[in-house]
Amino acid sequence: MEKIDTSFFAKEREAELSVVGESVQRADARGHVTGRTQFYEDVTFPNTLHLKMVRSTRHHALIKGIDTEAAMKVPGVVRILTHKDVPNNWYTILKLIGVGPDDEPVLPEDRVLFMGEQICAVLAETPQAALEAARRVVVDYEDLPPVFDVEAAMTSTPFKKDGTNYFVYEGHNCRRIRFGDVEKGFAEADHVIEHRYESSPIEHAPTETTGCTAKPEGNGRITIYSNTQALYFTLDNMALILGVPFNKLRLVGGTVGGGFGGKVDVIVEPIAALGAMLTNRPVKYAYSRAEEMQVSSPRAAERIYIKDGVMKDGRIIARKITLYVDAGAYCRHSTYGTTKAAAHMPGPYTIPNVHVDAYCVYTNRTPSSAMRGFGVTIGDFALESQMDQIARFLDMDPMELRLLNAYRDGDMKAHRKKVDGAALVEVIQAAARQTGKQLAPRFAKMSSMTREG
Amino acid sequence: MARLKGRGVAAVNYPTGMNLGGDPSQALIHATTTGSFVITLSSVDLGQGIKTVGAQIAAETLGVPYESVMIDTADTDTGPHCMGTFASRGTHRIGNAIMMAAKEAREVMMCVAATELEVDAGDLVTDGKGRIHVNGAPDKGIAVLDVALAAHFKHGKTISGRGMYLKPKSEVVPETGEMDPDSCQAHACTIAEVEVDDETGDVTVLKMTNAYEIGRAMNPALAHQQIVGGAWMGISHALYETTEPYYPNRAHGPLDFSEYLMPGPGDIAEMDSVIIERPSSNGPYGAKGIGEMTANSPIPAIANAIFDACGVRVTSMPITPEKILRGLDALRGNPN
């Protein structure tokens with residue numbers, strides 16, 4: 001099962017460790033498989049209210065009116081929250097690390113920017129009553145034209161509260177990487193190979209859907225039992241939205257039924273805590289599976305153009321990348337993921353001329369956000385498909401093409417960080433060894449630790 | 001009609017951590033009078049195993065049995081600050097904080113043990129089984145539990161430690177993109193073998209051979225599970241998943257697992273995975289993060305294997321039977 005090949009980097013491995021490096025049993029395995037692990041939903045309180053959301057049925061529309069009269073008549077309904085109830089309605093998750101502007105309302109005011117956007121929150125004695133009341137809320141819309149394509153969005157009418165349909169990075173319309181001179185590289189190259197790659201949004205599909213229970217305490221504080229991936233990130237954003245001191249809030253969690261990046265956004269906690277503050281009762285807000293799949297942030301769809309200048313012998317001497325991240329309607333973590341995507345280019349290869357324009361673009365699709373491999377997974381699909389296309393074009397072995405261009409210790413990456421601890425060469429050699437593939441002698445003895453060979 | 005076999009390769013790197021906003025985590029550790037050590041965190045275990053790996057790192061540093069280390073997480077009233085579980089940062093950041101805290105606690109523990117044994121602390125070693133003894137003289141020793149009791153009831157000392165790891169914020173130079181966004185890079189290479197049915201466009205992933213370099217593997221079984229789970233996710237991402245099956249029409253989005261296509265247990269490919277270790281210069285015991293990267297080489301390896309099998313290059317994910325059949329039609333000169 002767990003094979004470790006210690007023949008690589010033998011001199012750098014510390015020889016004797018006792019517990020580290022042992023396959024001790026996962027601490028929570030028995031609890032998980034016997035159903036004894038306590039998740040946030042296992043902590044229940046009497047008198048809890050259930051929150052269900054009225055959601056936009058339009059991709060992009062003005063809200064001309066919200067009629068809650070019929071909903072309030074449903075037995076068991078206690079209160080319906082709208083944007084007027086939210087102390088600081090506009091936020092952006094990454095403002096904690098200095099990202100702005102606040103581009104997302106907790107609950108929208110005069111317009112919705114994507115289908116499924118939360119509009120108002122029904123609090124009721126039972127989940128059934130909350131659902132029934134949510135169905136009876138009548139929202140009067142005036143449809144506006146939606147934009148679903150990143151490149152169309154770049155040039156179409158801005159649809160956000162403020163600013164452009166793309167995130168502005170310190171005065172630039174994209175995150176830039178500039179290294180060497182790609183145009184000169186293309187001019188000197190034997191071949192120029194250019195392709196376009198694209199992906200679709202996907203769902204994190206955790207076993208446990210996103211949710212929380214907010215409970216008012218006797219001392220004026222609120223405890224939030226949550227399955228967030230980041231307790232303090234959630235706490236800090238909540239305090240800013242709710243306009244309360246940070247120390248009025250306590251987050252309890254730590255055991256999560258799958259995250260994959262889907263529980264890094266801060267969506268359910270502020271509104272549940274607001275409900276708890278306004279009713280002085282515990283409030284539970286848990287996504288249904290449908291909400292998890294269609295409303296919670298997916299992995300961003302990306303579109304990536306790669307243009308490579310390649311020599312006959314396989315050396316890539318220039319790589320230009322134009323990359324569009326579809327952030328959907330709101331920023332969330334996408335600006336960060338776009339920078340991560342830019343930093344990842346041009347992949348684990350040493351290319352002397354690199355030019356990257358990575359755009360974080362707003363459309364009327366579901367807002368995307370963090371997901372396992374954030375900013376990198378789709379880039380790797382594009383980069384490694386491109387490497388295969390180059391190898392085919394030159395009729396070269398695909399492993400040897402990669403080894404020829406592989407980054408090694410001491411090389412300079414395109415974002416001007418010196419490579420150390422490289423091991424791309426060795427994982428390719430190890431994979432070749434596993435499959436019984438013979439690499440040419442030059443590549444079989446290559447090492448990440450030296451530029452020789 | 002035929003079932004066409006092909007093989008594809010892909011190789012990737014992946015950053016550990018992402019400090020464009022500054023990236024701190026803290027850990028506190030203390031010995032109880034029951035012989036245990038409790039590590040207090042506000043970090044989240046998503047199932048990836050930080051509770052397990054954190055306890056291993058503490059046990060290694062303290063020199064005590066793994067079973068005597070408890071992880072108490074996550075509560076913002078009791079646990080010190082953690083940025084969160086993302087960016088493949090947990091083992092590296094939290095592990096470093098735990099290691100630092102454990103070093104401080106170990107120092108007090110060894111000092112109290114030295115007083116109890118009336119020897120120099122520098123002559124003492126831990127046996128990893130719950131005892132501290134004079135190096136080379138296993139009989140001249142004391143149980144860790146007795147040290148904890150003596151510290152509390154006789155010497156008025158807490159055996160405790162504070163741990164902190166911070167990778168400071170890296171500002172990006174807007175013109176050039178110069179930045180220092182991560183701590184180290186892990187690496188992977190996948191060779192995928194597939195079979196393409198040229199009548200239905202259906203793809204079966206037959207086998208995946210993976211080689212990973214993740215610094216030092218803290219727990220090889222957990223690392224292996226990440227590799228296998230991520231490879232499954234890669235198959236799913238490459239061939240099945242989308243929340244918008246008819247994009248740019250956004251209708252008919254799946255609402256549950258009967259509509260959202262994913263491979264089932266029978267679709268998991270045979271796996272042969274190996275880990276090689278190049279310890280990082282800045283991770284605890286050389287660890288790098290493996291959490292996020294494990295779907296990344298499988299996806300393009302599958303795409304490349306499909307091309308190898310049938311000559312169709314699909315450049316948009318997911319690679320559905322429809323796209324493959326349209327590609328085959330185009331190769332045969334048939335109108336789509």
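Reader: Which residues of the largest nonpolar core touch the most other members?

Author: A nonpolar core is a set of buried (under 20% relative accessible area, 1.4 Å probe, protein chains only) Ala, Val, Leu, Ile, Met, Phe, Trp, Tyr and Cys residues joined through side-chain atoms within 4.5 Å. In this predicted model, the largest such core holds 159 residues, and those touching the most other members are A:I271, A:M399, B:V194, B:L239, B:I302, B:I306 and B:I324. Local features need pLDDT of at least 70, side-chain atom pairs count only at pLDDT 80 or more, and totals for chains, interfaces and linings use all residues. Residues are numbered from 1 along each chain as its sequence is written, chains are lettered from A in the order in which they are written, and side-chain values use heavy atoms without hydrogens or water.

Reader: With which residues is B:I306 in contact, leaving aside its neighbours within four places in sequence?

Author: Contact means heavy atoms within 4.5 Å. The partners of B:I306 include B:V194, B:L239, B:G311 and B:I324.

Reader: How should one read the interface between chain B and chain A?

Author: The size of an interface is often given as the accessible area lost when the parts come together. Here that buried area (1.4 Å probe, summed over both parts) is about 10000 Å², with carbon and sulfur atoms giving 56%. B:T76, B:R250 and B:R278 supply 8% of the area that chain B buries against chain A, more than any other three residues.

Reader: How many residues of each chain are in contact across this interface?

Author: In chain B there are 119, in contact with 116 residues of chain A.

Notes:
Buried means under 20% relative accessible area, exposed over 50%, partly exposed in between (1.4 Å probe, protein chains only). Buried area is the accessible area (1.4 Å probe) that two parts lose on being put together, summed over both.
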